[in-house]
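Biologist: Please show me the model and take me through the reasons behind the labels put on it. I would like each label set against its cut-off.

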Amino acid sequence: MVLAIVDDLMFTSKIKTTAALIGVPVTFARSRESALAEMRKSAPSLVILDLNSIRTDPLGTVGAMKGHAALAAIPTIGFVSHVQTELIEAARQAGVDEVMARSAFTARLAEILKGSS
C-alpha cells in the first residue's frame with residue numbers, strides 16, 4: 001500500500017487513476033495527523049508527499065516519521081515546483097529520500113507506484 005499525503009485535486013486524481021490502472025492500492029491522507037495515524041495502523045511501502053502543500057505539513061510529517069523508530073525506514077518521495085530550490089533543500093534536510101520536480105513525478109508516476117509494490 002502506498003500512502004499519498006496530497007491535497008491537490010489534480011495530483012490526487014492522477015495518482016488514483018494511475019494506481020487503479022496498474023493495480024497498486026493507494027490511501028490518501030489530507031493532514032499530518034491522519035497520515036501518521038495511517039502509517040501507525042499499517043506501514044506503507046512508500047509515502048508520497050506534495051511538498052508544496054501547506055495544509056498537510058509535509059516537512060513536519062517527514063520529521064515526525066524520522067523521529068519514530070517504526071516509521072523512519074519507510075521510503076519517501078516528494079514532488080515540488082522545480083524553481084523552489086530552498087524548499088527542495090529543506091525537504092532533503094528533513095529526510096525526504098527522493099525529491100523531484102512535479103513534471104518528473106507525473107512522467108514517472110507509474111514507475112514509482114510499480115516500484116513500491
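Biologist: Why is F105 called buried?

Modeller: This is a predicted model, and in it F105 has a relative accessibility of 0%. Buried means under 20%, so F105 counts as buried.

Biologist: How do you know that F79 and F105 are stacked?

Modeller: Two rings pair if their centres lie within 6.5 Å, and planes under 30 degrees apart count as stacked. The ring centres of F79 and F105 are 4.4 Å apart and the planes are at 20 degrees, so this pair is stacked. F79 lies in strand β4 and F105 in helix α5, so the pair ties together parts that are 26 residues apart in sequence. Both F79 and F105 are buried.

Biologist: How many aromatic pairs are counted by this rule?

Modeller: The count comes to three. One of them is F11 with F105, with centres 6.2 Å apart and planes at 45 degrees.

Biologist: What makes the pair of F11 and F105 tilted?

Modeller: The stacked label needs planes under 30 degrees apart, edge-to-face needs over 60, and the rest count as tilted. The planes of F11 and F105 are at 45 degrees, so the pair is tilted. F11 belongs to helix α1 and F105 to helix α5 (residues 102–116), so this pair links parts that are 94 residues apart in sequence. F11 has a relative accessible area of 3%, and under 20% means buried, so F11 is buried. F11, F79 and F105 form one aromatic cluster.

Biologist: How do you know that K14 lies over the face of F11?

Modeller: The distance cut-off from the charge to the ring centre is 6 Å, and the charge must also be within 35 degrees of the ring normal. K14 is at 5.3 Å from the ring centre of F11 and lies over its face. K16 lies over the face of F28 in turn, at 5.5 Å from the ring centre.

Biologist: What makes the strands one sheet, and in which order do they come?

Modeller: Two strands pair if there are at least two bridges between them. Four bridges join β1 (residues 2–5) to β3 (residues 46–50), and these strands run parallel. Four bridges also join β1 to β2, again parallel. A4 stands opposite I48 in β3, while I5 has A29 in β2 as its bridge partner. The whole open sheet has five strands, in the order β2-β1-β3-β4-β5, with parallel pairing. What makes β2 (26–29) and β5 (98–101) edge strands is that each pairs on one side only.

Biologist: What covers β1, and which residues show that both faces are covered?

Modeller: V2 and A4 on one side, and L3 and I5 on the other, are all buried. Helix α2 (residues 32–41) lies across β1, β2 and β3, running at about 170 degrees to β1.

Biologist: Which residues of helix α4 are buried, and which are exposed?

Modeller: In α4 (residues 85–94), L87, I88 and A91 are buried. Seen down the axis of α4, the buried residues fall within an arc of 105 degrees, so they line one face of the helix. An α-helix has 3.6 residues a turn, so residues three or four places apart point the same way. On the other side of α4, T85, E86 and Q93 are exposed, a label that needs over 50% relative accessible area. The cover over the buried residues of α4 includes α3 (58–66), β4 and β5.

Biologist: Why is D57 called partly exposed, and T61 buried?

Modeller: The middle label runs between 20% and 50%. D57 has 30% relative accessibility, so it counts as partly exposed. D57 lies in the loop between β3 and α3, and its phi is near 50 degrees, a positive value in a residue other than glycine. T61 is found in helix α3. The relative accessible area of T61 is 0%, so T61 is buried. Leaving aside neighbours within four places in sequence, T61 is in contact with I5, R32, A35, L36, M39 and T56.

Definitions and conventions:
Residues numbered from 1 in each chain as written. Predicted model: local features only at pLDDT ≥ 70, side-chain atom pairs only at ≥ 80, totals over all residues. Heavy atoms only, no water. Helix = DSSP H or I, 4+ residues; strand = E, 2+ residues; numbered from the N terminus. Contact = heavy atoms within 4.5 Å. Axes fitted to C-alpha atoms, helices over the stretch in contact; angles between N-to-C directions. Buried < 20%, exposed > 50% of the residue type's maximum accessible area, 1.4 Å probe, protein only. Arc of directions from axis to C-beta. Phe/Tyr/Trp six-rings, centres within 6.5 Å; stacked < 30°, edge-to-face > 60°.
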